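Here's a two-chain tour for someone who likes to know the cut-offs behind the words. Keep the viewer open and follow along.

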Amino acid sequence: MAARKTTKKPNISKEELLEYYREMLLIRRFEEKAGQLYGMGLIGGFCHLYIGQEAVVVGLEAATEEGDKRVTSYRDHGHMLACGMDPKGVMAELTGREGGYSKGKGGSMHMFSREKHFYGGHGIVAAQVPIGAGLAFADKYLGNDRVTFTYFGDGAANQGQVAETYNMAQLWELPVVFVIENNQYAMGTSVQRATKSPDFWERGAAYGIAGEAVDGMDVLAVKAAGEKAIAHCRAGKGPYILEVVTYRYRGHSMSDPAKYRTREEVQKVREERDAIEHVRELLLTGKHASEDDLKEIDKEIKAIVNEAAEFSKESPEPALSELYTDIYADA
Amino acid sequence: MATQILMPALSPTMEEGTLAKWLVKEGDTVSSGDILAEIETDKATMEFEAVDEGIVGKIIVAEGTEGVKVNDPIAVLVEEGESADDIAAPAPAAAPAEAPVAEAPAAAPAAPVETVDAAAPDYPEGTAMKTQTVREALRDGMAEEMRRDDTVFLMGEEVAEYQGAYKVSQGLLDEFGAKRVIDTPITEHGFAGVGVGAAFGGLRPIVEFMTFNFAMQAMDHIINSAAKTLYMSGGQMGCPIVFRGPNGAAARVGAQHSQDFAAWYMQVPGLKVVMPYSAADAKGLMKTAIRDNNPVIFLENEILYGGSNDVPDLEDFTIPFGKARIWREGSDVTIVSFGIGMKYALEAADKLAEDGISAEVIDLRTLRPMDTASIIKSVQKTNRLVTVEEGWPQGSVGSYISSVVMQEAFDYLDAPVMTLTGKDVPMPYAANLEKLALITTEEVVEAAKQVTYR
């Protein structure tokens, strides 16, 4: 993976650094809790954790403005928390309860929030890519200057509909940022075993789409790249591709046998490149926070996550009558 | 020796056309590949090239002539020194290999069939009517809704500058501009997904598939993205979108372009499925489809596009989903169909009447929601049911109807329900085999006689 472009002496405020730290930590602790609840049988089915990739969504969300949209795959918990959705509603959806964002009818992979402009949560690999372009199409048609972030993985990048979407997005100059979260593994298949052209962002060149790769373990670098991409789109220059090079610490889903990579490989990334540790260091070395300050934040986050977990256990299962609701909207 | 130049068939379903313009005159020498004339079909204006070389001895059909039948002689080509009169009376052309004309009539009945709607009429009695083709009715339905709501737009292959592969979107680009009538690249999976995203984003897309055969590439977005999202989002994220285009067999286009998808789509909760037969229904249901807040599959039929019927001349004519239309009242047997199947059902009813069998003919018009109540009500009267469709037998629309009738009106049945379908084969190309694969009026007549024990 790309070497970290060391953030130039970060021209960034203490408040911002603390905010990123808090948000990344929330995602990590939330996902750890989800893993526990899964182990306890409170969460069923598929559950794809985002641990390791936190800097991607936190950095990009920091670059957005109100009204910008986002859409992603099934590995979506982090995106929802980063765009401000309520951890209680997300966790209760994981447990399949009435208090979940989809009233328990969507599950881990299918949550939405019109209020936060979060358009899912899509379970078919790469299906969200043309959908994201369609959201951008709507914004352009309606004449506002909003931008859509369309997230997908290195696995999805090999799907045919991604190529189809690149072509249309550039043809129609749609304000969409294609964010390729390259976490190195499509389920259990490494990038090297899936493609001979591993620099995914360069594929945009075939369609005339500008893009770049960025270190996805450095939240400040991600934010800077996101700002550049958004400016490109808002200026009416069409789509932009950001390949955010990151790493997934946990398995593809909870049932991952972890046979396709070594424990040492994972451990090395955790020790040397962890995105949260990076910000923690910046905070401490820049004297923006003390160890005690950070401990206090850890406590706050833990409380939020525990509250979400409690809510997700206490919220009742949906009423049986919900089986037959929400199939059709009122004509 | 002199040869006749015949009116060409320029599309699989063409039966006649307008000889718009001659580009050669008598006495001109032509060689193969030269453009002889412009011929206008109901779909497009096309150039007609010479196959042989020679001298244009005589122009038989003057330019501007409408309704020139396929294979009628339109000119005579002679060799040096010959006269056009060397061909005496225009002999009937050698049997053309193409276009089984008799098998692919413009399906809408030439003479308006007596229409009775027992339940409730779609428009007030005494409403002024105008004659329109299904094609025009569909176009008008879309245009009216586009005038009414700025968020409605049309996208698909060849919908704009080409004016529609089957001319359904003719004139829409001129009226609404390129922002709202959008030619897409050939990329069904991709543009179906873009349409779904646009619907999530607040627009009302009409996505045209050049034919529904190509929508199989887009099936994931139709089912997984469009149909299921409202449910998966607990009611938050609706998808108001219309997927439309011709469905089913045209004529002689082979297995990959001849499938009826009615039964497939009808199975999916979250979708609404419309399959009109008449021009009036095409228009009224199209307008309802565009206003509906759910994904609607609108299955048209190439052979029906050119058929004309009376369409109510109303400012805002809509037809609700889930309401069948009784085309013909009868007492001996109920024939239920939809889309092009109605052609066979109505023809069969005429023939049955000659034999003293009174058939009630019901057009479902929408398959989901389906007006099974009207079927049951009719069966309670006739005690016999025949269903007619073009699709395949296993898991057919008819087999669903049959199961509903068994469960809800078993005691009323005096004979087994007959579910007539296309044959259980991929559509063959050969004219005789294709004819055999399709459902026929005779089969409907036979089935009706069987269940009435005649």
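What follows goes through numbering, domains, the chain contact, strands, cores and a few backbone oddities.

Some bookkeeping comes first. Residues count from 1 along each chain as its sequence is written, while chains get letters from A and ligands get numbers from 1 in the order in which they are written. This is a predicted model, and local features need pLDDT of at least 70, side-chain atom pairs count only at pLDDT 80 or more, and totals for chains, interfaces and linings use all residues.

Let's start with chain B. Chain B splits into domain 1 (3-85), domain 2 (129-312) and domain 3 (325-451), with bounds that come from an automatic or database domain assignment. Between the C-alpha centres of domain 1 of chain B and domain 3 of chain B there are 43 Å.

Now for where the chains meet. Chain A puts 35 residues into the contact and chain B puts in 33 residues; two residues are in contact if their C-beta atoms, placed from the backbone, lie within 7 Å. On the side of chain A that touches chain B, the elements giving two or more residues are α5 (128-142) and α6 (160-171) of chain A. The largest share of that side, eleven residues, belongs to α5(A). Helices (H or I, at least four residues) and strands (E, at least two) are DSSP runs, numbered from the N terminus. Sorted by class, this side of chain A has 18 nonpolar, ten polar and seven charged residues. Here Ala, Val, Leu, Ile, Met, Phe, Trp, Tyr, Cys and Pro count as nonpolar, Asp, Glu, Lys and Arg as charged, and the others, Gly among them, as polar.

Next, the strands. Chain A has an open sheet of six strands in the order β2-β1-β3-β4-β8-β7, with parallel pairing; strands pair if DSSP finds at least two bridges between them. At the edges sit β2 (118-121) and β7 (210-215) of chain A, each pairing on one side only. The twist averages 15° from one strand to the next, with axes being lines fitted to C-alpha atoms, for helices over the stretch in contact, and angles running from 0 to 180 degrees between N-to-C directions. Strand β1 (residues 69-72) of chain A is joined to β2(A) by two bridges, and A:Thr72 stands opposite A:Gly121 in β2(A). That glycine is worth a second look: the peptide bond from A:Gly120 to A:Gly121 is cis, with omega near 25°.

Over in chain B, strand β2 (residues 16-22) and strand β4 (residues 35-40) pair in the antiparallel sense over four bridges, with B:Glu38 as the bridge partner of B:Lys21. β4(B) also pairs antiparallel with strand β5 (residues 45-49) of chain B, over five bridges. Those two, β4(B) and β5(B), make a hairpin with four residues between them.

Then there's the packing. In soluble globular proteins, nonpolar side chains tend to be buried together. A nonpolar core here is a set of buried Ala, Val, Leu, Ile, Met, Phe, Trp, Tyr and Cys residues joined through C-beta atoms within 7 Å. A residue is buried if 20 or more other C-beta atoms lie within 10 Å of its own, exposed if 12 or fewer, and partly exposed in between, with C-beta atoms placed from the backbone. The largest core has 207 residues, and those with the most contacts inside it include A:Met24, A:Leu242 and B:Ile335. Helix α1 (residues 14-39) of chain A gives the most to this core, with ten residues, and at least three residues come from each of domain 2 (129-312) and domain 3 (325-451) of chain B. Leaving out residues up to four places away in sequence, B:Ile335 touches nine-strong company that includes B:Val386, B:Val444 and B:Ala448.Apart from this core lies another, of 15 residues, among them B:Ala37, B:Phe48, B:Val56 and B:Val78.

Finally, a few backbone oddities. Most residues other than glycine have a negative phi, and most peptide bonds are trans. A cis peptide bond joins B:Arg368 and B:Pro369, with omega about 0°, and B:Pro369 sits in the loop between β20 (366-368) and α10 (372-382) of chain B. A:Glu173 is not a glycine, yet its phi is positive, at about 50°. A:Glu173 counts as partly exposed because it has 14 C-beta neighbours inside 10 Å. B:Arg252 also has a positive phi, near 65°, and lies in the loop between β13 (242-246) and α6 (262-266) of chain B. Is B:Arg252 buried or exposed? B:Arg252 counts as buried, because 22 C-beta neighbours lie inside 10 Å.
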